[in-house]
Amino acid sequence: MAEESVAEAFAVAARRWPSEGMPTSPAAWLVTTARHRAIDRLRRDRVLADKLRLLAATTPEVAEAPVDDNEIPDERLELIFTCCHPALAPEAQVALTLRAVAGLSTEEIASSFLVSAETMKRRLTRAKTKIRDAAIPFSVPAGDRLPERLAVVLAVIYLIFNQGYSAPGQAGHLAAEALRLGRVLAALLPGQPEPRALLALMLMHDARRRARLAGADGQDLVLLADQDRALWDWQQIGEAREIIDPITSSRGPYLIQAAIASLQLAEPIDWRQVAALYAELAELTGSPVVRLNGAVAIAEADGPAAALEIVDALDLAGYPYWHSTRAELLRRLGRREEARTAYHDALARAGTEPERRFLRRRIAEC
Amino acid sequence: MQYALLIYTKPGTYDSLSPAEREALSLEYYALRDEPGMLGGAALQPVTTATTIRLADGRPLVTDGPFADTKEIFGGYYVYEADNLDQATEMAARIPALRLGGTIEVRPIMGKAS
């Protein structure tokens, strides 16, 4: 049973990958309240959306468009791209998106970031001031700029999802928020495969939500292979697979990740295929974190020695899952002392209580 | 809205160019200056010509050198009129200094009525 912890480390690292470079620590994302929000609230409560539109530099066409009370234009896409403009700091992109698109209150977002409401208010105000003073446009980027801008939007949504997913209970509602944002984005950009792929990816991770934590307080991490598959939401998994199956036009990073997530839900898991997809993803992104995940798949397909060689060559000493993955591989190779040291290094960097608890269990077993 | 496109260059990159390359580079900068929306700009002499003034005990203290030893040197700027930040960054991306390892900082210029 302990053999499979690598798989979970790998799954966690896979989810974390797009948020690499985001400065906020996972611990800073705990949320105290879990409440449902509908993105459609934006339609009812358009105050902030309108404000942002006015703050932002509108294109002349939009500015001169006659106002028809019966036909409120759907400006959610413009709003999303404004909130996720690369000229705003990543933490401001996330906060603005949650505030203006998802309709969360400043207080709620503040508690998600574990900062005071006053600090969050300043962060939002600073971002809105920059939108106004630097004339960040309220528009959907033109075709040739769309891919790079869309990548920022997708990363923001996936970051919101991951924070909700890695700290369920406290931040569970952020995962639901991200799923809603993902649905809206996929619907608003029907010609783009990557928003749909991101939605499918989130749906598949979210489908395992009830199975991945156990224990009296729900804080014990259950590894992928040990999860009760009856607790998985198979309807949601089916929906996700229906979304990605017809996509043949491109193989972007989210589609590849969704394909990997789909393979991981199969039994038995085709690790060689997973490793091949990770190789493709690493080629596409150049990310060492992706190579780390690929190494885990190689460990399953070819054994821990081959994987450890790859892992040791990666420059990821600041990344907690590099240490936990190394530790697992060392343990499987019977190098207990080294494994124990690596588990301690991982524990010192672990972001959530379930992860810390899991690592402590492993240390005790070494 | 007017933007300052502030050009920061890596020390030595210009010196390492051949005379022909320098000539071509200058022509590129002049050509950008003639683009619609370009309102002005200036290229600065090398940083070796810089003089810094501070107040010391209330009196101006004049010293040799730039204000701070940084990895990149402020080399010049354009003033560009654009509808929004995206247009400004698009123009900034065309400045040749980028190809030589330099960086462009885009700053909106304070208006009388903004």
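Axes are lines fitted to C-alpha atoms, for helices over the stretch in contact. The model used here is predicted.

**Exercise 1. Describe how helices H6(A) and H9(A) pack.**

Step 1. Two packed helices are described by the angle between their axes and the distance between the axes.
Step 2. Locate the pair: H6 spans residues 90-101 of chain A, and H9 spans residues 146-166 of chain A.
Step 3. Read the geometry. The angle is about 75°, and the axes are 10 Å apart.
Step 4. Apply the cut-off: 65 to 115 degrees counts as roughly perpendicular. H6(A) and H9(A) are therefore roughly perpendicular to each other.
Step 5. Find the residues that meet. H6(A) offers Gln93(A), Val94(A), Thr97(A) and Leu98(A). H9(A) offers Val152(A), Val156(A), Leu159(A) and Ile160(A).
Step 6. Sort this contact by class: six nonpolar residues, two polar and no charged.

**Exercise 2. Work out how strands E3(B) and E4(B) pair, and what joins them.**

Step 1. E3 covers residues 51-56 of chain B, and E4 covers residues 59-64 of chain B.
Step 2. The two strands pair in the antiparallel sense, over six bridges. Thr51(B), for one, has Asp64(B) as its bridge partner in E4(B).
Step 3. Two residues lie between E3(B) and E4(B), and the strands form a hairpin. In the turn, Asp57(B) has a positive phi of about 55°.
Step 4. Check burial. Zero of the six residues of E3(B) are buried, so the strand lies largely in the open.

**Exercise 3. State how many residues each chain gives to the contact between chains A and B.**

Step 1. Chain A gives seven residues and chain B gives six.
Step 2. The chain B side divides into three nonpolar, one polar and two charged residues.

Technical notes:
Residues are numbered from 1 along each chain as its sequence is written. Chains are lettered from A and ligands numbered from 1 in the order in which they are written. This is a predicted model: local features need pLDDT of at least 70, side-chain atom pairs count only at pLDDT 80 or more; totals for chains, interfaces and linings use all residues. Two residues are in contact if their C-beta atoms, placed from the backbone, lie within 7 Å. Ala, Val, Leu, Ile, Met, Phe, Trp, Tyr, Cys and Pro count as nonpolar, Asp, Glu, Lys and Arg as charged, and the others, Gly among them, as polar. Axes are lines fitted to C-alpha atoms, for helices over the stretch in contact, and angles run from 0 to 180 degrees between N-to-C directions. Helices (H or I, at least four residues) and strands (E, at least two) are DSSP runs, numbered from the N terminus. Angles under 35 degrees count as roughly parallel, over 145 as roughly antiparallel, 65 to 115 as roughly perpendicular and the rest as oblique. A residue is buried if 20 or more other C-beta atoms lie within 10 Å of its own, exposed if 12 or fewer, and partly exposed in between; C-beta atoms are placed from the backbone. Two strands pair if DSSP finds at least two bridges between them.
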